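Dear colleague,

Please find below the structure I would like to hand over to you, with its sequence. My findings follow directly after it.

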Amino acid sequence: MRRDVQAIVLILVGGAVLRITIGDTFLNYVQEPMRPWLLLSGGILVVLGVLALIDSIRKGRAADDEHTPHDEPHEHDDGHGHGAGGPRAAWLLLLPVLAIFLIAPPALGAYAAARDVNNSAPTSEAKAPPLPPGDPAQVTVAEYVGRAVWDDGLTLVDRTVEMTGFVTPDPEGGWWISRMAVACCAADAIASKVKVLNAPDLPADTWVTITGRWVPGGGTKTDTAIPLIEVIDLVEVPQPRNPYE
Amino acid sequence: MSASPTRESKGYRPGSLEILAIGLVVLIVGQRWLVGLFDDPALQTGATIFVSIVVQALPFLVLGVVLSGAIAAFVPASFWKKALPKNPALAVPVAGAAGAVLPGCECASVPVANGLMSRGVAPAAALAFLLSAPAINPIVLASTFVAFPGEPMMVVARFIASLATAVIMGWLWLRFGKAKWLRIGPRDHLVGSSSWHTFRLTATHDFLHAGGFLVIGGLFAAALNVVVPQEWLLAVADQPILSVLVLAGLAVLLSICSEADAFVAASLTEFSLTAKLAFLVVGPMVDLKLISLQAGTFSGKFATRFAPATFVLAVIFSLLVGWWLLT
């Protein structure tokens with residue numbers, strides 16, 4: 001890969017990172033605290049790329065003046081796939097750039113949630129603390145699963161809860177309200193699912209906020225149990241700013 | 001843009017700049033059609049996982065190449081000779097521990113070790129540094145900490161298992177290594193007209209190289225997450241020894257840069273922490289990219305002995321340390 005092409009690849013990669021970080025798109029992939037680091041590293045790449053481009057333009061002029069061949073005197077093949085001037089593997093860096101600019105992959109949704117056979121991360125089996133006050137009480141989908149599956153729903157009895165998630169169709173009919181939980185980035189996301197009773201069918205990936213009450217069933221104390229909720233109220237909502245829990 | 005002015009005198013041959021330009025035009029014109037191709041939930045999920053691994057790892061990679069470029073440009077090689085004990089058996093652990101403070105991208109570590117040897121550092125010590133610098137430097141440990149929130153012992157385990165492997169390999173070289181396996185050349189890899197220029201050349205080169213392999217790792221992780229049924233992964237992950245060997249082998253194939261590999265490991269949610277540890281210990285020391293680098297820099301005889309021995313030691317220490325700290 002030639003020096004000027006390397007420079008353009010650097011600028012494209014840096015530009016793609018800046019493009020998703022200025023705005024909220026990056027939250028589909030990574031978490032909020034990464035923002036300053038993404039801005040910094042995107043900026044460094046653009047600067048390195050611009051400087052390399054200036055270098056190669058200058059070198060091109062000098063070569064033109066002296067009628068010497070355009071070559072890279074300081075490099076040699078050191079056994080990791082260099083042609084005249086740069087690592088060939090660098091071409092691959094165009095793939096994430098293309099993915100970001102052309103496909104703009106959305107936040108993980110119903111497909112990923114349905115694929116995950118385990119439901120939520122196994123919670124410690126210690127007794128759950130009482131639900132936060134409020135009627136309805138705000139819970140995350142993962143928290144509801146933890147309380148219902150690993151604590152026999154004891155803390156959910158006689159309470160109304162509210163949670164936000166997206167629709168994942170249940171192959172056996174109806175749908176689950178689901179949400180992906182992210183430890184570090186979307187690649188390690190784990191799905192939480194709750195079977196919704198008494199609700200109209202909705203298309204996959206519709207975001208909803210529901211209020212409802214826990215009803216027994218769905219199994220307890222296993223990784224694959226999917227607890228139930230009886231819906232009292234349901235509204236469609238836009239995708240939250242941070243799609244993950 | 002700089003089309004090379006000397007091109008006409010040599011006769012026209014399409015170069016990488018032309019390929020890039022034509023490719024970008026085709027992609028921009030065909031965007032609507034391309035986006036249609038990806039209008040499939042499985043492909044979109046794969047694309048999301050791919051982009052998230054690359055984006056999450058990128059700042060660590062950039063920080064890593066900036067620091068290793070700075071060390072290549074601003075720390076004179078004579079410093080190393082002065083800093084290391086004269087006795088090679090003592091120099092090995094000191095050089096191994098030096099890896100903990102000096103970030104070096106793994107692709108950079110091979111030429112750096114070569115440079116150390118050519119300036120009179122004992123080969124065993126230079127090899128211990130070659131193994132430990134990419135495995136246990138602060139940026140790698142920080143990225144591991146970020147990738148495994150709630151599992152701080154992962155960082156400790158990675159540090160101990162990697163350092164142990166590096167030091168033992170150094171001592172093994174001292175005992176069994178033969179000088180004729182090493183072809184030590186002058187380190188003229190990326191030397192610019194000034195320190196600042198050397199820094200830029202090194203950082204740019206290291207980033208492009210490591211970034212390419214990061215993309216391969218990200219693609220593979222995305223494919224594992226989307227193409228392979230989760231039941232299969234769970235079946236392998238349930239076998240304690242097999243799962244360790246599978247992830248260790250995967251690390252060799254994927255050749256991900258050590259600043260980025262923790263995020264790929266973390267995405268393998270089905271596997272045990274010990275198996276992920278093996279991925280993290282083996283990856284920075286033995287992978288296809290490093291083997292080809294070592295063969296190119298030192299010799300094929302060197303690479304065919306050094307890489308398998310390192311692999312075996314790395315797996316053993318991952319099992320031991322994983323059993324000790326992660327269960």
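Three residues of α13(B), namely V244(B), A248(B) and V252(B), meet F311(B), V315(B), S318(B) and L319(B) of α17(B). By class, six residues of this contact are nonpolar, one is polar and none is charged. Please note that this is a predicted model. Helix α13 of chain B spans residues 240-254 and helix α17 of chain B spans residues 300-325; the two pack at an angle of about 135°, and their axes are 11 Å apart. That angle makes α13(B) oblique to α17(B). The crossing in which α13(B) passes α17(B) is right-handed.

A second helix pair in chain B is formed by helix α4 (residues 41-74) and α11(B), whose axes lie 7 Å apart at an angle of about 155°. Angles over 145 degrees count as roughly antiparallel, and α4(B) and α11(B) are therefore roughly antiparallel to each other. Here too the crossing is specified: α4(B) passes α11(B) in a right-handed manner. The residues of this contact divide into 25 nonpolar, 10 polar and one charged.

One residue of α11(B) deserves a separate paragraph. F207(B) lies in this helix, which covers residues 195-226 of chain B. Is F207(B) buried or exposed? The cut-off for a buried residue is 20 or more other C-beta atoms within 10 Å; F207(B) has 33 such neighbours inside 10 Å and therefore counts as buried. Apart from its neighbours within four places in sequence, F207(B) is in contact with L61(B), V62(B) and V65(B). V62(B) is 145 residues away from F207(B) along the chain, yet their C-alpha atoms are separated by 6.8 Å.

As regards chain B as a whole, its secondary structure comes to 17 helices and zero strands. The radius of gyration of chain B is 21 Å, close to the 20 Å that the globule rule gives for 327 residues, so chain B is as compact as a globular protein of that length. Along the principal axes, the C-alpha atoms of chain B fill a box of roughly 65 × 60 × 35 Å. Of the 327 residues in chain B, 55% are buried. Among contacts in chain B with a separation of 6 or more, 85% are between residues 24 or more positions apart.

I turn next to the contact between the two chains. How many residues does each chain give to this contact? Chain A and chain B contribute 64 residues each. On the side of chain A that touches chain B, the elements giving two or more residues are α1 (3-21), α2 (35-66), α3 (94-103) and α4 (110-115) of chain A. The largest share of that side, 14 residues, comes from α2(A). By class, the side of chain A that touches chain B has 46 nonpolar, 10 polar and eight charged residues.

Finally, some backbone features of chain A should be mentioned. The peptide bond from D135(A) to P136(A) is cis, with omega near 0°, and P136(A) is placed in the loop between α4 and β1 (137-138) of chain A. D152(A), although not a glycine, has a positive phi of about 55°. This residue lies in the loop between α5 (141-150) and β2 (160-169) of chain A, and D152(A) is partly exposed, with 14 other C-beta atoms within 10 Å. N198(A), also a residue other than glycine, has a positive phi near 70°. The loop between β4 (190-197) and β5 (207-215) of chain A holds N198(A), which counts as exposed with 12 C-beta neighbours inside 10 Å.

With kind regards

Definitions and conventions. Residues numbered from 1 in each chain as written. Chains lettered and ligands numbered in written order. Predicted model: local features only at pLDDT ≥ 70, side-chain atom pairs only at ≥ 80, totals over all residues. Contact = placed C-beta atoms within 7 Å. Helix = DSSP H or I, 4+ residues; strand = E, 2+ residues; numbered from the N terminus. Nonpolar A, V, L, I, M, F, W, Y, C, P; charged D, E, K, R; others polar. Rg over C-alpha atoms; globule rule 2.2 N^0.38 Å. Axes fitted to C-alpha atoms, helices over the stretch in contact; angles between N-to-C directions. Parallel < 35°, antiparallel > 145°, perpendicular 65-115°, else oblique. Left-handed = near helix turned anticlockwise from the far one by under 90°.
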